[in-house]
Amino acid sequence: MINNDWDEVLKVVFAGEGFKRFYRIIEQEYKTKTIYPPKNYIFNALKLTPYKDVKVVIVGQDPYHGEGEAHGLSFSVQKGIKLPPSLKNIYKELESDLGIPPFPEGDLTYWAKQGVLLLNAVLTVIKDTPASHKNLGWERLTDYIIKTLNKKETPVVFILWGNFAKAKKELITNPKHLVITSAHPSPFSANYGFFGSKPFSKTNEFLKRNHLTPIDWDLRNHVK
């Protein structure tokens, strides 16, 4: 389904009758409703960031529910789409933290290709209906993904913004990894601990300490 090493890592899940039943429900949803992201983008985060390459995980809740926005990466929107408020605040913190000016586009593929797994806990949503596929079954898969990443021998940074993402901390028990938590970048909570949390510099300092290549967070370099 993914066409990289995630297929092997997740084969136990994908081969299970429970997942097959659940995925038939998802396919029926696509046939009868407007669902985001487009079907070929559901597993985009896994396709762009193979298991062996994961250095950072940024956990989101569920996809953007507006037309043309979601493309399978947490907090990211497709090129040409207006920046969502949370992503604007992520860019503000990036500038404050590392001096990188806000990028006019919201496509974070450049981060994903460097080993930043932009993972939503729920991978699909009904148009204009946030959290509509919550508790449908995606969480079993994405929790399993986090558990398999927890088993990695190479250090991984898990960035958990907001209470929903922080709840995943209990799945991360390997002392080799770094867990960074703060308030969510949403306008409703960014002033209560997200701004000033410096997740980008903390991530790169940890990666360098562990002899791993830091992330180039500057999206302008994607278009050079």
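**Entry 1: His211**

I began with His211, which counts as exposed because its relative accessibility is 75%. I was working on a predicted model, and I kept that in mind throughout. His211 sits in the segment after α9. I then looked up its backbone angle: phi of His211 is near 60°, a positive value in a residue other than glycine. That caught my eye, as most residues other than glycine have a negative phi.

**Entry 2: Asn135 and a cis bond**

Where else did I find a positive phi in a residue that is not a glycine? I found one at Asn135, with a phi of about 65°. Asn135 belongs to the loop between β4 (125-126) and α7 (138-150). With 65% relative accessibility, Asn135 counts as exposed.

While checking the backbone I also noted the bond between Tyr36 and Pro37, which is a cis peptide bond with omega at about -5°. Most peptide bonds are trans, so I wrote this one down. Pro37 is in the loop between β1 (35-36) and α4 (44-48).

**Entry 3: the whole chain**

Next I stepped back to the overall picture. I counted nine helices and six strands in the chain. The C-alpha atoms fill a box of roughly 45 × 40 × 35 Å along the principal axes. How does the radius of gyration fit with a compact globule? For 224 residues such a globule would have a value near 17 Å, and the chain has 17 Å, so the two agree.

I looked up burial too, and found that buried residues make up 53% of the 224. The accessible surface comes to about 10700 Å², with 52% of that belonging to carbon and sulfur atoms. I also checked how the chain meets itself: of the contacts between residues at least 6 apart in sequence, 66% join residues at least 24 apart.

**Entry 4: helix α9**

I went back to the helix that comes before His211. Which residues of helix α9 (residues 199-209) are buried? My list reads Pro199, Phe200, Ser201, Thr203, Asn204, Phe206 and Leu207. I then asked what covers these buried residues, and the cover includes β2 (56-60), α5, α6 (109-112), β5 (157-161) and β6 (178-182).

**Entry 5: Glu93 in α5**

Since α5 is part of that cover, I looked at Glu93, which lies in helix α5 (residues 85-98). Is Glu93 buried or exposed, I wondered, and what is its nearest side chain of opposite charge? Glu93 is buried and has no salt bridge; the nearest side chain of opposite charge is Lys198, 5.7 Å away. A salt bridge needs the charged atoms within 4 Å, so I could see why this pair is not counted.

I then found backbone partners for Glu93. A polar atom of the Glu93 side chain lies 2.7 Å from the backbone nitrogen of Gly196. The side chain of Glu93 also reaches the backbone nitrogen of Ser197, at 3.4 Å. Beyond its neighbours within four places in sequence, Glu93 is in contact with residues including Phe194, Phe195, Pro199 and Phe200.

**Entry 6: Leu98 and Asp218**

Still in α5, I looked up Leu98. Leu98 counts as partly exposed, because its relative accessibility is 34%. Setting aside neighbours within four places in sequence, Leu98 is in contact with Phe200, Ser201 and Trp217. I also checked Leu98 against Asp218: 120 residues separate them in sequence, while their C-alpha atoms are 9.3 Å apart in space.

**Entry 7: salt bridges**

How many salt bridges did I count? The count comes to nine, and I followed up three.

- Asp218 and Arg220 form a salt bridge, their closest N and O atoms being 2.5 Å apart. Asp218 is buried, with a relative accessible area of 10%, whereas Arg220, at 38%, counts as partly exposed.
- Lys176 and Glu153 meet in a salt bridge at 2.6 Å, N to O. Lys176 is in the loop between α8 (162-166) and β6 and Glu153 is in the loop between α7 and β5, so the pair ties together parts that are 23 residues apart in sequence. Lys176 is partly exposed at 36% relative accessibility, and Glu153 is exposed at 59%.
- Asp128 and Lys127 join their side chains in a salt bridge at 3.1 Å, N to O. Asp128 is partly exposed, with 48% relative accessible area, and Lys127 is partly exposed too, with 32%.

Technical notes. Residues are numbered from 1 along each chain as its sequence is written. This is a predicted model: local features need pLDDT of at least 70, side-chain atom pairs count only at pLDDT 80 or more; totals for chains, interfaces and linings use all residues. Side-chain values use heavy atoms; hydrogens and water are left out. Helices (H or I, at least four residues) and strands (E, at least two) are DSSP runs, numbered from the N terminus. Buried means under 20% relative accessible area, exposed over 50%, partly exposed in between (1.4 Å probe, protein chains only). Lys and Arg count as positive and Asp and Glu as negative; His and the chain ends are not counted. A polar contact is a pair of N or O atoms within 3.5 Å; within protein, one must be able to donate a hydrogen and the other to accept it, and residues adjacent in sequence count only if both atoms are side-chain atoms. Contact means heavy atoms within 4.5 Å. The radius of gyration is taken over C-alpha atoms; the globule rule is 2.2 Å times the number of residues to the power 0.38. Accessible areas come from the Shrake-Rupley method with a 1.4 Å probe; for residues, only the protein chains shown count as cover.
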